[in-house]
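Visitor: Could you walk me through this model? I would like to begin with the overall fold and then move inside.

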Amino acid sequence: MFIETIKPLIAQHGYLAVFCIVALESAGIPLPGETALVLAAMFAGATGLLDIKLVIILAAAGAILGDNVGFWAGRRFGLPLLLKHGSKLGLTDDRIKLGQYLFDNHGAKIVFFGRFIALLRIFAAFLAGVNRYSWGQFLFYNATGGIAWAVIFGLGGYAFGDAFEHVAGPLGKIALGLAVLGVIGGWWIIHTQEQKLIVRAVAAYPGPLRAPEPAAEKKAEAKEPAAAGD
């Protein structure tokens, strides 16, 4: 259904369709950005009416831009909402600190590899913002992940056409299945080790949690490094 809807968009609007669909998906709107990229690449390979280099560049640019929109939405609105209403869902300050602690220790992997997994591709940037992940680190791993994703799927669609489309679908489902298993495994570890992890998280982030004022946020961001390791 999605494919039949996207095909005419790719044929009529080409580069703009790829950029917009990928950017909107990355910002948190559930659209088939990966499908749009593969179809545009296939169209470029079959007709020569699109330049595959521009398809890849615009897909990567859309991914990076959309993810940054999602990141700042999570950074600006996610934490204040959790601090105000999180207790209704059992998300105490200590558990919010636990989320920040886990993201700070594994955030680079989530941001980079999330680009290749369906659900994480939509929500990883927002979660990074909510969990106060460093924007400098986010930008670096997000950009490298977005470029790698665009190159792999763009060149794959361009070189292998329909065959790659048939392979990409099952691979995406396998990746999603592994991600679900990872979430379940992670939940089990956190559930059984929660108190020990919370002690570490509280020690790492002492004091009460507060959503920063916009001016303080800008000042803090100005001090962040452009990129850093995980």
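Guide: What follows goes from the fold to the cores, a few single residues and the cavity. This is a predicted model, in which local features need pLDDT of at least 70 and side-chain atom pairs count only at pLDDT 80 or more, while totals for chains, interfaces and linings use all residues. Residues are numbered from 1 along each chain as its sequence is written, and side-chain values use heavy atoms, with hydrogens and water left out.

Visitor: How many helices and strands are there in the protein?

Guide: The protein has 8 helices and 0 strands, where helices (H or I, at least four residues) and strands (E, at least two) are DSSP runs numbered from the N terminus. The order from the N terminus is therefore written α-α-α-α-α-α-α-α.

Visitor: And what share of the residues is buried?

Guide: Of the 230 residues, 39% are buried, with buried meaning under 20% relative accessible area, exposed over 50% and partly exposed in between (1.4 Å probe, protein chains only). The protein exposes about 12500 Å², and carbon and sulfur atoms supply 72% of that area, computed by the Shrake-Rupley method with a 1.4 Å probe.

Visitor: What about contacts across the chain?

Guide: Taking contact as heavy atoms within 4.5 Å, 82% of the contacts between residues at least 6 apart in sequence join residues at least 24 apart.

Visitor: Which residues touch the most other members of the largest nonpolar core?

Guide: They are Leu37, Ile52, Val55, Ala59, Trp149 and Ala150, in a core of 19 residues; a nonpolar core here is a set of buried Ala, Val, Leu, Ile, Met, Phe, Trp, Tyr and Cys residues joined through side-chain atoms within 4.5 Å. Helix 1 (2-26), helix 2 (33-47), helix 3 (52-85) and helix 6 each supply at least two residues of this core, and helix 2 gives the largest share, 7 residues. A second, separate core of 9 residues includes Ala108, Val111, Tyr133 and Phe138.

Visitor: Let's take alanine 59: which residues does it touch?

Guide: Leaving aside residues up to four places away in sequence, alanine 59 touches Val18, Val22, Leu37, Trp149 and Ala150. Alanine 59 lies in helix 3, and its C-alpha atom is separated by 5.9 Å from that of alanine 150, 91 residues apart along the chain.

Visitor: Why does alanine 59 count as buried?

Guide: Alanine 59 counts as buried because its relative accessibility is 0%.

Visitor: And glutamate 34, buried or exposed?

Guide: Glutamate 34, in helix 2, is buried, since its relative accessible area is 13%. Not counting residues up to four places away in sequence, glutamate 34 touches Glu25, Arg121, Trp149 and Phe153.

Visitor: Switching topic, how many cavities of 30 Å³ or more are there?

Guide: There is 1 cavity of 30 Å³ or more, and about 70 Å³ of space lies in the largest cavity. A cavity is a set of points, on a 1 Å grid over the protein atoms alone, where a 1.4 Å probe fits but cannot get out, and lining residues have an atom within 4 Å of a point; the volume is the space filled by probe spheres set on the points.

Visitor: Which helix gives the most to the lining?

Guide: Helix 5 gives the most, with 4 residues, while helix 4 (93-114), helix 5 (118-130) and helix 6 (135-160) each supply at least two. The lining residues include Asp67, Val111, Arg121 and Phe138.

Terms used:
1 Å grid on protein atoms, 1.4 Å probe; cavity = no way out; pocket = protein on both sides within 12 Å on 5 of 7 lines; lining within 4 Å.
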